[in-house]
Amino acid sequence: MFFRKRTALLGFFLMSASSLPQTAVQTESRARAFRLWITAGPGLFWIILFLLIPSAVLLGIGFLSSNDYGSPVMPITSQPFQQVAGFSMLGWDDGNIIIFLRSLEQAGIATVVTALLAYPLVFFIMTRPESVRPLLMLFIVLPSWTNQVVRTYAWLELLGPNAPLTWVAHALHIVPPDLGIAPGSFAVTTGLAYNYLPYMIVPLYASAERLDWTLVEAGRDLYASGFKLFWHTVFPQTIPGLLSGIIFVAIPAFGDYVVPQLLGGDRALMIGSLIANQFTETPDWPYGAALTIIMLVFTAAGLIAFRILSRRLGGSGEATI
Amino acid sequence: MSNVVPRSVRTMLSAISWPVYILLYTPLALVALYSFAPAPNQTGHSLHAYSVLFADGDVGAALRRSLILAFGSAIVSTSLGTLLGYGLCRFRAPNARGIAANLPSLIIYTPIIMPSLVFGISELIFFNFVHSTTGLLNAGLGTMVIAHITFQVPYVALTVFARLAGLDPNLFEASHDLYADGIKSFFYLTVPVVRPAIIGGFLLGITLSIDDFTISFFTSGPGSVTLPIYIYGAIARKGISPEINALGTLMIAVIIVLAVAHFFINRHRERASQLPV
Amino acid sequence: MIKMRILLAGCLLAMGMSSPRIAQAAETPVLNLFIWSSYIDPALITAFEKKYNVKVVETDYASNAEMSAKLKAGGDAQYDVTVPSSYYVPELAAEGLIQPIDHSQVPNYKNLIAKFQNPSYDPGDKYSMPYQTGTTGIVYDPAKIKNPPQSWAALYDPKVNPNFPFVLPKGEGRDQIASACAYLGLGFTCSTKEDWLKAAKLIVATKKRANFAGFVDETPARDQMKSGLIAISTAYNGDIGQCYADGSCKTLKYFLPKEGTEQWVDTMAIPAHAPNPKLALEFINFILDGANGADLSNWNQYASPNQASQSALTGILQTEMFTPSAADEKILYFLPPLEGAQYKLFNSIWTSVLQ
């Protein structure tokens, strides 16, 4: 009974997702909706059942009070959302706004750096013989199969006070003599690029690999410089991959706090650590839930704006899910 | 196709890419170096850490669970995600606008957006509830597989979608005429076309699963300790020991050897099959 | 509809996979142990399994906070014994996540050293029994930091260490605020809002120093000390004792700051809805046995809270680093318990420090 209701509901909104045209095309449209239901249904159903419903329950506590130990209790209150706005037992401060902007900046840095690195790498792989390409792709993701703390700690050593790269920085007076490059903002950027590069490269490669080279040939006479040729013939074809890559990198980097903690010297909280702390070290579950709700709303709004923008970029079809 | 790219650009691509590959493996080289730390109260390099590692049965069990979890969840999520990406690209009515049109997309994004702690705790509460009311979904490797599938699906779906988006829709129409049957057309046309995306999505799925700590920790049950859970705990207690470094080194080394061996065997076979002609 | 059924069958299959324990439980009783990774000698587990004809299933965690969150979200019905640090005991007890221990079932309780029999964090050991213990001191590299005062000033006074990188512990902020209070002369066990705010101010100022290298917990910080990434940090005596013993940190020096420092304790507790609380009591009693306690400490290389184990401790555990002198005892404190509104206030202050 429960399942049937759910699937009916799911069917309904998937149908409504496809705008229903008039009589003549209606059967065609219905067949299309059915196919959509068969293919996209299971995946969406899975996410709804195993993430949306469970998290709705947990996030619901964002509207409850918290007891002294940070557990949710009645009555219903807006207190957690006031805390999100910056009001605490110690008065108001702009801490949360700064944390939000700081995390946004981090997401931006990670996205730009990985995209700049990913393009040459993807085209490098594409110009290799077809048999070698899977191997080169595997070697991109492989480092991420080791433990994140272990490999990030290795970076801490590679950029530490006794590392060759740091001696160069010492000689150039970029870094004070007894300190290392890590912890610092350069180290954080390195760590972010290292962590998120595979997530930019995989979708970009998947979409660029089927590149239509005839367009490039045709454009050769039109565009004088190599960059213009790339920009007008190659780049538009990679947009769907780039957009998926941006989502894979920007959103997790927005919430990431392991890298800034280990390589940044942990001087400042990130939105990810602020939320995590509310469920662990300094428990206040309703506040944590309220923070998550606000973050979800902002990210969803950002993604819708991103979709509208990508539709413009992608021409007729949808360029991203 | 690639002959379109001029030699000078190729040289530039190589000049950028090889250093990036080297940088990707520099931290791992350091990890490997530390794994050959001397045995207690001795100097020089040794295989001490490896012998400790092999003697520890817990690590082997954790590794086995991690592999089951990673491959099990990635296989299911790749199937679900491929269908999802394909369906939304092919069958969603074009030019649909409004909330309803964005809703499936927003659902797909939630596993990426959701903070992992909220994700894990939500699922723990949910699984506990289902277990106490129905007796199903007892916390353990099974619940971990379910959770891991959930966070991998969007990565596969978006990768597959990126591959399909921008493809000439006429290609599908033509195949429809050819095969008539939608399922046949899916397997004979779509799957070969999106293969690189399916493989890529599968690799991302494994990558996400094999090093996931938070969600695994909360959805695990008694005894279902995976490698990340073991390693994070061990680091908290003993620091990054030579044994932990040895474990990382061994894993990467084994995969590299397997992949390279597979590559050469394949090439050998292809050549052998071409020769008689 | 057929597709739906296939999917449903798939779900059920996945559910079935996850319950292998049910069949097993019918045969031999199971003790579910929720503990830090590699924090118990496997030989002790085998001995316990043999003695009581049971099976021990070990599950690992990496921090008190995660363990506590898991218990809160329903994990308190999954495990029989958990190993929280002392300052987590009042919180877990107040939240009803652990149950009182029936002392009549733990005759070996009398083996404990007197000061662990009525600790401030859990009067009368109502909810917890000590597992391992130790002290928190300061470790430094004498090549970089010359003759620092035996005081928290080594960390908090910029004049003692103006140049070299240093770290403060991470966690819940309890030991940081306490140590900052001690340095400011407010006492290690400070517990008023005014004192905490003063300590918080000091930590914020410390965080802004150019050579501050982050909040890093004691054990990972020791790794950073060993590879020369940092020059001074807080440390557990057990961690430093271990690397003295295996020769990997012979040049480092360790001391207890004179203003007062922590006597840390990891304890054993029984989650509120433990499936097998009777077996949990037997396990706790088993660990508190003199010989078993000694085996545990010799394996872990941490000090034992057990009087009956002291004579059987070996190696570094007999050195003065592990057996505090009478003078040392005077500056050792348990972290003060935080109860009710105090707890919430402390967390607000600590969050503002981290920002």
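This is a chat about a predicted model, covering a contact between two chains and a strand in one of them.

Student: Hi! How many residues do chain B and chain C each put into their contact?

Tutor: Chain B gives 33 residues and chain C gives 31 residues.

Student: Which helices of chain B supply residues to the side that touches chain C?

Tutor: Helix 5 (116-134), helix 6 (141-164), helix 9 (214-219) and helix 10 (227-238) of chain B each supply at least two residues. The largest share, nine residues, is from helix 10 of chain B.

Student: And how do the residues on that side of chain B divide into nonpolar, polar and charged?

Tutor: There are 21 nonpolar residues, ten polar and two charged on the side of chain B that touches chain C.

Student: OK, new topic! Why is strand 1 of chain C described as largely enclosed?

Tutor: Strand 1 (residues 30-36) of chain C has six of its seven residues buried, so the rest of the structure largely encloses it.

Student: What joins strand 1 of chain C to strand 2 of chain C?

Tutor: Seven bridges do, and the two strands run parallel; strand 2 of chain C covers residues 55-61. As an example, Asn32(C) has Val57(C) as its bridge partner in strand 2 of chain C.

Student: Which unit do those two strands make with helix 3 of chain C?

Tutor: A right-handed β-α-β unit, in which helix 3 of chain C spans residues 42-52.

Student: What about strand 3 of chain C: how many bridges pair it with strand 1 of chain C?

Tutor: Two bridges, in the parallel sense, with strand 3 of chain C at residues 81-82. There, Thr82(C) stands opposite Phe34(C).

Notes
Residues numbered from 1 in each chain as written. Chains lettered and ligands numbered in written order. Predicted model: local features only at pLDDT ≥ 70, side-chain atom pairs only at ≥ 80, totals over all residues. Contact = placed C-beta atoms within 7 Å. Helix = DSSP H or I, 4+ residues; strand = E, 2+ residues; numbered from the N terminus. Nonpolar A, V, L, I, M, F, W, Y, C, P; charged D, E, K, R; others polar. Buried ≥ 20, exposed ≤ 12 C-beta atoms within 10 Å, placed from the backbone. Pairing = 2+ DSSP bridges. Right-handed = clockwise from strand over helix to strand, strands pointing away.
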